[in-house]
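Thanks for coming. Please have the sequence and the model open while I talk.

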Amino acid sequence: MSSTADPAMPDARPRPARQHRRGPAILAIAAGTALMLGGAGTYAYWSTSTALEATTVQSGNLGLTLGGGTWTLQGVLGGVTNIADLSAVRIVPGDVLTLTQPLTVDIVGDTLVADLRANIGADLSASALGAQLDVELDLPTDYGTATGPNEYRLTDADSGSTTATVTITFDPTTSGVTAVNQTIDLADISFSLTQASN
Amino acid sequence: MSTRDGSVGRRMQWAAGTAAVLALGTGTAAAHAVWESTAALPTQGVSSGSLALSTQWVGGATALPPLYPEQSSDTATLRVTETAASGTTLRWRLRVEVSVTGAGSEYVRTEVFVGACGGPAPLAAGSAYEPAGGLLPGQSVDLCVRTTLSAEAPSAQQGTSLTPSVSVVAEQVGI
């Protein structure tokens, strides 16, 4: 019996490893790219375009401005007194300073929702006096939705003017002479209105 | 044997994975960029007050005369002044503690009067002087301390020395 090779059968002999396969591939890609670039300059083709109907799209707005606030002071004894000159006040444990702060909020945007927050800066919170103070933001009950400490969620329906109340309470449990004769800068308290992302 | 092809495949997978992570990360970062408007309160300082005391014997401290059984001796006027005078709403009370040390101190009784000795009832032990509404910052209070040797003091107490001390404490009221 003579044996002939069956063409359908794979060659059982080990193929030599192919060398330098990248070279030809790069050459082929380069050639193809060159052909395509050449073609782009060569071919003319029909084209038509239609603009959208003449109309405008306008972006919204997010803004927050503060009006002139007024301060009151209430100690652990006695009633509430108006403060004309805050720099003349010397607060002591148990005191409550209250700021009545007019706000103007602009929330313009079909989908825009924003969070209004009162922020305490690092300088204030790290100071000996600041560490004894508790700062709380309150808004009118029919304005926005409280979503956390010192944070309210607002919508475009809340655009306009309102009055926020910021209370600064000197911890009444402060002992000894902790934080006496200290000064803080109220500019370290800020309001922020931030587009809600969740 | 496809070691080389497998290696290339794995590299492609890593590259694809890395690209996906980068794309997601960039997309997430972009999603968190939001509009924000901030406004700080005007620069304005707020200061805390203080509470501090000073004491002074009016006319100078005087040595107490010798004590005999059933006899009393009064100190000079001790003026206690709140010196910080710095607290807009601050009101305070004065707590006075008198102690006597030395052999036989148990036979000695002390009383603290606001004002002159022998005036209105002395402060009860452990209590504080707190007029209605509290004392004002910067206010002074005059005290007098009366020391009495008990009639039961034994003769062994003769010629012995005792050391009285007076401490005053200002406390914020209303807390």
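Start with a sheet that takes strands from two chains. It is an open sheet of 3 strands, in the order β4(A)-β2(B)-β11(A), and its pairing is mixed. The edge strands are β4 and β11 of chain A, each of which pairs on one side only. Before I go further: this is a predicted model.

What makes up the mixed pairing? On one side, β4(A) and β2(B) run parallel and are joined by 2 bridges. Here A:I91 stands opposite B:S48 of β2(B). On the other side, β11(A) pairs with β2 of chain B, residues 45-48, in the antiparallel sense, over 3 bridges. In that pair A:D185 stands opposite B:G45.

Now the contact between the chains as a whole. Chain A puts in 40 residues and chain B puts in 32 residues. Which elements of chain A give two or more residues to the side that touches chain B? They are β1 (61-66), β4 (90-91), β11 (183-185) and β12 (189-195). Of these, β12(A) gives the most, with 7 residues. Sorted by class, this side of chain A has 23 nonpolar, 14 polar and 3 charged residues.

A word on chain B by itself. Chain B has 1 helix and 10 strands. Reading from the N terminus, the helix comes before the strands: α-β-β-β-β-β-β-β-β-β-β. Chain B has 175 residues, and buried ones make up 19% of them. Take the contacts in chain B between residues at least 6 apart in sequence: 82% of these join residues at least 24 apart.

Back to chain A, and to a strand with two faces. Strand β7 of chain A covers residues 133-138. Which of its residues are on the covered face, and which on the uncovered one? A:L133, A:V135 and A:L137 are on the covered face, while A:D134, A:E136 and A:D138 are on the uncovered face. β7(A) pairs with β10(A) in the antiparallel sense, over 6 bridges. One residue to find on your screen is A:L133, whose bridge partner in β10(A) is A:F170.

Next, a loop that ends at β10. A:A157 sits in the loop between β9 (151-155) and β10 (160-170) of chain A. Is A:A157 buried or exposed? A:A157 counts as exposed, because it has 9 C-beta neighbours inside 10 Å, and exposed residues are those with 12 or fewer. You can also compare its position with that of A:G79. The two are 78 residues apart along the chain, and their C-alpha atoms are separated by 37 Å.

Last, two residues with a backbone angle to note. A:N181 is not a glycine, yet its phi is positive, about 55 degrees. A:N181 lies in the loop between β10 and β11 of chain A. It counts as partly exposed because it has 15 C-beta neighbours inside 10 Å.

The other one is in chain B. B:A85 is not a glycine either, and its phi is positive too, about 45 degrees. Where is B:A85? It is in the loop between β5 (78-82) and β6 (92-101) of chain B. B:A85 has 16 C-beta neighbours inside 10 Å, so this residue also counts as partly exposed.

That is the end of my list.

Notes:
Residues numbered from 1 in each chain as written. Chains lettered and ligands numbered in written order. Predicted model: local features only at pLDDT ≥ 70, side-chain atom pairs only at ≥ 80, totals over all residues. Contact = placed C-beta atoms within 7 Å. Helix = DSSP H or I, 4+ residues; strand = E, 2+ residues; numbered from the N terminus. Nonpolar A, V, L, I, M, F, W, Y, C, P; charged D, E, K, R; others polar. Pairing = 2+ DSSP bridges. Buried ≥ 20, exposed ≤ 12 C-beta atoms within 10 Å, placed from the backbone.
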